[in-house]
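Me: I'm new to reading protein models, and I'd like a close look at one part of this one. Could you take me through a place where two helices meet, along with its surroundings?

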Amino acid sequence: MASDEFFHLVRSWLTVHLPRSRRLSPHTIRSYRTALNALLDYLRESQHLSLAEVSFEAINRSTITAFLTWLLETRNLGASSANQRLAAVKSFLSYCAGEDPALVSIWLEVAQVKPARTPTRAPDGLSMPAVDALIRAPGQHTSHGRRDTTFILLTFDAAARIQEILDLTPADIDTTIGAARVTLTGKGRKSRTVPLMDTTARHLDQYLAEFHPGTTEAAESLFFTIRAGLRHQMSQDNISYLLNKHATAAHQHCSEVPEKIHAHQLRHARAMQMLRAGVPLPHIKEFLGHANISTTSIYASADNQMVREAIQRAGSSTPDLAPLWTGGDDLILQLAGLK
């Protein structure tokens, strides 16, 4: 089969089927595109095929099995990431089989490729002293420091995935003291609303007054960067940079802070904190937005001391943050709801 048919189906899958028929998020579509690009890289590097030579004739069970091994051993991906690439390729071939019956045999053959075994390991969450140090690291003396403090605190408090935070708009935030909450849109466009600490709400109020004064556009990103005078949603690379910058600073004051961290460690830390405080797994499952409680159960096996600690702990160890009530009299009165 010609190469042009292969790439024609790639284009229709990515630009029509996934966004319009399945209504997947841009983030999910990017991950599928990454998987197909990885497959093309494999075919070029290992099969010595140029793009013009790539066709469905090059794809079979043996090829995709070797592709999975290549992801693990040459690209050094973890089993979970490699399996996500495999699942994306299978999804693409399933679509192709529906478009062209001649491709059904290829899809059925590749569907038999087994995912790599994923080792069960404890989540690499930060300790509470490390979370406290990381939240304090940006400081409250600059606008970027106040922004970064709010971002880190919100990510931890909501136990959110990084993309869920990046996709937030001001309309997703309710800072009512005693009833503060945030609405997150997770995998599969499933939304969930989680409560926030009053401290987080006050920081968000301060952040919104500084970065989103007045009436804001409903679709405007809560956290943004400015390029060429225009606001753009922060990228995951932006977040990785700022987190590691502050982790390096926090490490000087708290040795429990790794010098290199990733945002998901804040999510793990919050889940571990909730479990140690005695919150039942089903509640944590809903809070994290897990589809299956078996995913949440990994936290229960992460620490043999959790059961004893849950009995003894009466409350959470929410970190005490840097002073919030700073700024001119007008700002303080506005934040306090007195003006």
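Reply: Here is a walk through that meeting place, followed by two residues worth finding.

Before we start, keep in mind that this is a predicted model: local features need pLDDT of at least 70, side-chain atom pairs count only at pLDDT 80 or more, and totals for chains, interfaces and linings use all residues. Residues are numbered from 1 along each chain as its sequence is written, while side-chain values use heavy atoms and leave out hydrogens and water.

Find helix α2, residues 26-46, and helix α4, residues 79-99. Helices here are DSSP runs of H or I with at least four residues, numbered from the N terminus. The axes of α2 and α4 come within 9 Å and cross at roughly 90 degrees. That is why α2 counts as roughly perpendicular to α4, a label for angles of 65 to 115 degrees. An axis is a line fitted to C-alpha atoms over the stretch in contact, and angles run from 0 to 180 degrees between N-to-C directions.

Who makes the contact (heavy atoms within 4.5 Å)? From α2 come Tyr32, Thr34, Ala35, Leu36 and Leu39, and from α4 come Arg85, Ala88, Val89, Ser91 and Phe92. Sorted by type, these residues are 7 nonpolar, 2 polar and 1 charged. In this scheme Ala, Val, Leu, Ile, Met, Phe, Trp, Tyr, Cys and Pro are nonpolar, Asp, Glu, Lys and Arg are charged, and the others, Gly among them, are polar.

Next, look for His48, in the loop between α2 and α3 (61-73). His48 has a positive phi of about 60 degrees although it is not a glycine. Most residues other than glycine have a negative phi. His48 counts as exposed because its relative accessibility is 63%; the scale calls a residue buried under 20% relative accessible area, exposed over 50% and partly exposed in between, using a 1.4 Å probe and protein chains only.

Finally, turn to Val110 in helix α5, residues 104-110. Val110 has a relative accessible area of 1%, so it is buried. Leaving aside residues up to four places away in sequence, Val110 touches Ile59, Asn60, Arg61, Ile64, Lys90 and Leu93. Val110 and Thr63 are 47 residues apart in sequence, yet 8.8 Å apart in space, C-alpha to C-alpha.

Notes
Helix = DSSP H or I, 4+ residues; strand = E, 2+ residues; numbered from the N terminus. Parallel < 35°, antiparallel > 145°, perpendicular 65-115°, else oblique. Contact = heavy atoms within 4.5 Å.
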